[in-house]
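Biologist: Could you take me slowly through one part of this model, and then set that part against what surrounds it? I would prefer one connected account to a list.

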Amino acid sequence: MADLAITPPSGTAPAHDEHATSTGLPNTKLAMWVFLASECMLFGALISTYVLYRGASDVGPYPDDVFDIPYTSVSSFVLLASSLTMVLALAAAQKRDVSRMRLWLLSTALLGLTFVAGQVYEFTVFYDEGLSISTNLFGTTFYVLTGFHGVHVTFGILMLLSLVGFSAADRLPDDAAFPVEMVGLYWHFVDIVWIIIFTVVYLIPTPAPAPV
Amino acid sequence: MSETETRFQEELGTRDMPDPREAQAPHHEHPSAKEYIRIGVILAVLTALEVATYYVDVGGALVPTLIVLSIIKFALVVMWFMHLRFDSLTYARFFVMGLAGAATLYLIVLISFGVFVVE
């Protein structure tokens, strides 16, 4: 099989992969998209479970008792802003403007941290108001869904900070746009999941609990 | 195309198919920072509209409006920030396959459990 190895036609070699691929596309990027497609299944399951048990709790607190829409709206704006700073980091990386790339990456990590801190605070407030993961079906499905999302954001922050660290240690390739783009894809995915969660969990009203 | 590539394609039965590296190579450059900021502003406005919709009594239009707004936001991020609009169609195919598969599967589950039945 060794003599069947493919050599790319001139001018169409992948810009970032060390090896030519049979698709002509970087394997890393293809793998990232496949991973994100599989993540749709994971979050689809969690969101569906929340919707399935919406309004099915026998005891409170119910969503209307604990949700603070203005507070969560600000969190949503923060995460949305982090997606913007992420693409600005990519634009800077493509221009090989390393200092600006680091600045935008740090801004993205900081906005992500703000979002996670806001989520932790929200969880503690909800807990103080009597909503734990085992209080009712709302608590279970809500904490599992938003908790999984929060863990994903946290991993994203670690990846962003790693990129900044590698860049500071001069361990990123000259063209840092590719690793920045890969982390960016993950980060934007986390953002689009929140777009759905914000609408489905927070904004769409929950049916009133059935009278006992 | 080299002889070894031709042999490889014959073995795979893809001899007459277009060369994927040529057919699927990225067509466009990524947007500029200015365009990204424009999309960011549009996303912020759409989010503000979503939140406003929550407070304004729009009756039965609330849920459809919120869903449409979130789909627009989702599409803007995927197409522009994740560059699916500019990159190879192969990435889009993989992602849409996962997304559509998940949406279909879970919609069937929710319909089976009567979630959308109005009593």
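**A close look at the helix packing of chain A and its partner chain**

Modeller: This is a predicted model, and chain B is a convenient place to start, since its assignment divides it into domain 1 (28–86) and domain 2 (88–119). The centres of domain 1 of chain B and domain 2 of chain B, taken over C-alpha atoms, are separated by 20 Å. Chain B contains 5 helices and 0 strands, and along the sequence it reads α-α-α-α-α. Of its 119 residues, 19% count as buried. When the contacts in chain B between residues at least 6 apart in sequence are considered, 57% of them join residues at least 24 apart.

Chain B also touches chain A, and the contact draws 48 residues from chain B and 44 residues from chain A. On the side of chain B that touches chain A, at least two residues come from each of α1 (3–12), α2 (20–23), α3 (33–55), α4 (62–81) and α5 (89–112) of chain B. The helix that gives the most to this side is α5(B), with 12 residues. By character, the residues of the side of chain B that touches chain A are 31 nonpolar, 11 polar and 6 charged.

The part I would look at most closely lies in chain A, where helix α5 is packed against helices on either side of it in the sequence, α4(A) and α6(A). Two packed helices are described by the angle between their axes and the distance between the axes. For α4(A) and α5(A), the angle is about 155° and the axes are 9 Å apart, and that makes α4(A) roughly antiparallel to α5(A). The crossing of α4(A) and α5(A) is left-handed. On the α4(A) side, the residues that meet α5(A) include V98(A), R102(A), L105(A), L106(A) and A109(A), and on the α5(A) side they include T146(A), G150(A), V153(A), T154(A) and I157(A). The residues of the contact of α4(A) with α5(A) divide into 13 nonpolar, 8 polar and 1 charged.

Turning to the next pair, helix α5 (residues 137–168) of chain A and helix α6 (residues 177–203) of chain A have axes that come within 10 Å and cross at roughly 160°, and α5(A) and α6(A) are therefore roughly antiparallel to each other. The crossing of α5(A) and α6(A) is again described as left-handed. Among the residues of α5(A) that take part are F142(A), L145(A), H149(A), M159(A) and L163(A), while those of α6(A) include P179(A), Y186(A), W187(A), W194(A) and V201(A). The residues of the contact of α5(A) with α6(A) divide into 16 nonpolar, 4 polar and no charged. Some residues of α5(A) serve in both contacts, and T146(A) is one of them, as it appears in the contact with α4(A) and in the contact with α6(A).

Within this second pair, W194(A) deserves a separate look. W194(A) lies in helix α6 of chain A, and because it has 23 C-beta neighbours inside 10 Å, W194(A) counts as buried. Leaving aside its neighbours within four places in sequence, W194(A) is in contact with S76(A), L79(A) and H149(A). The C-alpha atoms of W194(A) and T154(A), which stand 40 residues apart along the chain, are separated by 14 Å.

A few points of backbone geometry in the loops complete the picture. Most residues other than glycine have a negative phi, and most peptide bonds are trans. The peptide bond from G60(A) to P61(A), however, is cis, with omega near -5°, and P61(A) is found in the loop between α1 (27–52) and α2 (63–66) of chain A. R96(A), in the loop between α3 (69–94) and α4 (98–128) of chain A, has a positive phi, near 60°, without being a glycine. Because R96(A) has 12 C-beta neighbours inside 10 Å, R96(A) counts as exposed. In the other chain, H83(B) lies in the loop between α4 and α5 of chain B, and although H83(B) is not a glycine, its phi is positive at about 65°. H83(B) has 22 C-beta neighbours inside 10 Å and therefore counts as buried, whereas R96(A) counts as exposed.

How values were computed
Residues numbered from 1 in each chain as written. Chains lettered and ligands numbered in written order. Predicted model: local features only at pLDDT ≥ 70, side-chain atom pairs only at ≥ 80, totals over all residues. Contact = placed C-beta atoms within 7 Å. Helix = DSSP H or I, 4+ residues; strand = E, 2+ residues; numbered from the N terminus. Nonpolar A, V, L, I, M, F, W, Y, C, P; charged D, E, K, R; others polar. Domains from an automatic or database assignment. Axes fitted to C-alpha atoms, helices over the stretch in contact; angles between N-to-C directions. Parallel < 35°, antiparallel > 145°, perpendicular 65-115°, else oblique. Left-handed = near helix turned anticlockwise from the far one by under 90°. Buried ≥ 20, exposed ≤ 12 C-beta atoms within 10 Å, placed from the backbone.
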